[in-house]
Amino acid sequence: MNIDRMEFLAWMERIMNRFDILSESFNNSQKQKSSIDGEELLDNQDLFMILKVSARSLQRYRSSGKLPYYTISGKLYYKLSDVNQFIRESFSASAKK
């Protein structure tokens, strides 16, 4: 099966247009992340990946008050600044030992 150069270029242009549409859609979804007071909110899945801890550890941090959280429609969220503060305090606590 042979295709001529013009047909090949037309197909490549269609493919590139699809990539542009996907890229625009991806950028729009990134802008629509949850936020409160202009600050990004993270959910449990985000914290699992960032902190590399289990669900039980995360629950323990919440219960002890070390990691502030917010409940919106039954789902738990964390302010990015609170998470960063938690990480800083955890590092300084381990450095003092």
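User: How much surface does the protein expose, and what share do carbon and sulfur atoms supply?
Analyst: The protein exposes about 8000 Å², and 54% of that comes from carbon and sulfur atoms. Accessible areas here come from the Shrake-Rupley method with a 1.4 Å probe; for residues, only the protein chains shown count as cover.

User: Where do these numbers come from?
Analyst: This is a predicted model: local features need pLDDT of at least 70, side-chain atom pairs count only at pLDDT 80 or more, and totals for chains, interfaces and linings use all residues. Residues are numbered from 1 along each chain as its sequence is written, and side-chain values use heavy atoms, with hydrogens and water left out.

User: OK. What percentage of the residues count as buried?
Analyst: Of the 97 residues, 18%. Buried means under 20% relative accessible area, exposed means over 50%, and partly exposed is in between (1.4 Å probe, protein chains only).

User: What is the radius of gyration?
Analyst: The protein has 22 Å, while a compact globule of 97 residues would be near 13 Å. The radius is taken over C-alpha atoms, and the globule rule is 2.2 Å times the number of residues to the power 0.38. Along its principal axes, the C-alpha trace spans about 70 × 35 × 20 Å.

User: Switching topic. How many helices and strands are there?
Analyst: Four helices and four strands. Both are DSSP runs, numbered from the N terminus: helices are H or I with at least four residues, strands are E with at least two. From the N terminus on, the order is α-β-β-α-α-β-β-α.

User: In what order do the strands sit in the sheet?
Analyst: The order is β1-β2-β4-β3, in an open sheet with antiparallel pairing. Two strands pair if DSSP finds at least two bridges between them.

User: Which strands are at the edges?
Analyst: β1 (35-36) and β3 (70-72); each pairs on one side only.

User: How many bridges link β1 to β2?
Analyst: Two, in the antiparallel sense, with β2 covering residues 39-43. Ile 36 has Glu 39 in β2 as its bridge partner.

User: And what about β2 with β4?
Analyst: Those two pair over three bridges, again antiparallel. Leu 42 has its bridge partner in β4, namely Tyr 78.

User: Is β4 mostly covered or mostly uncovered?
Analyst: Mostly covered: four of its five residues are buried.

User: What joins β3 to β4?
Analyst: They form a hairpin with two residues between them. The two strands pair in the antiparallel sense over three bridges. In β4, Lys 75 is the bridge partner of Ile 72.

User: What about Ser 73 in that turn?
Analyst: Ser 73 is not a glycine, yet it has a positive phi of about 55°. It lies in the loop between β3 and β4 (75-79). Ser 73 is exposed, with a relative accessible area of 81%.

User: Which loop holds Lys 52?
Analyst: The one between α2 (44-51) and α3 (55-63). Lys 52 is not a glycine, but its phi is positive, about 55°.

User: Buried or exposed, that Lys 52?
Analyst: Lys 52 counts as exposed, at 71% relative accessibility.

User: Last one. How far apart are the mean positions of the charges?
Analyst: They are 13 Å apart, for 15 positive and 12 negative charges. Lys and Arg count as positive, Asp and Glu as negative; His and the chain ends are not counted. The place of a charge is NZ of Lys, CZ of Arg, CG of Asp or CD of Glu.
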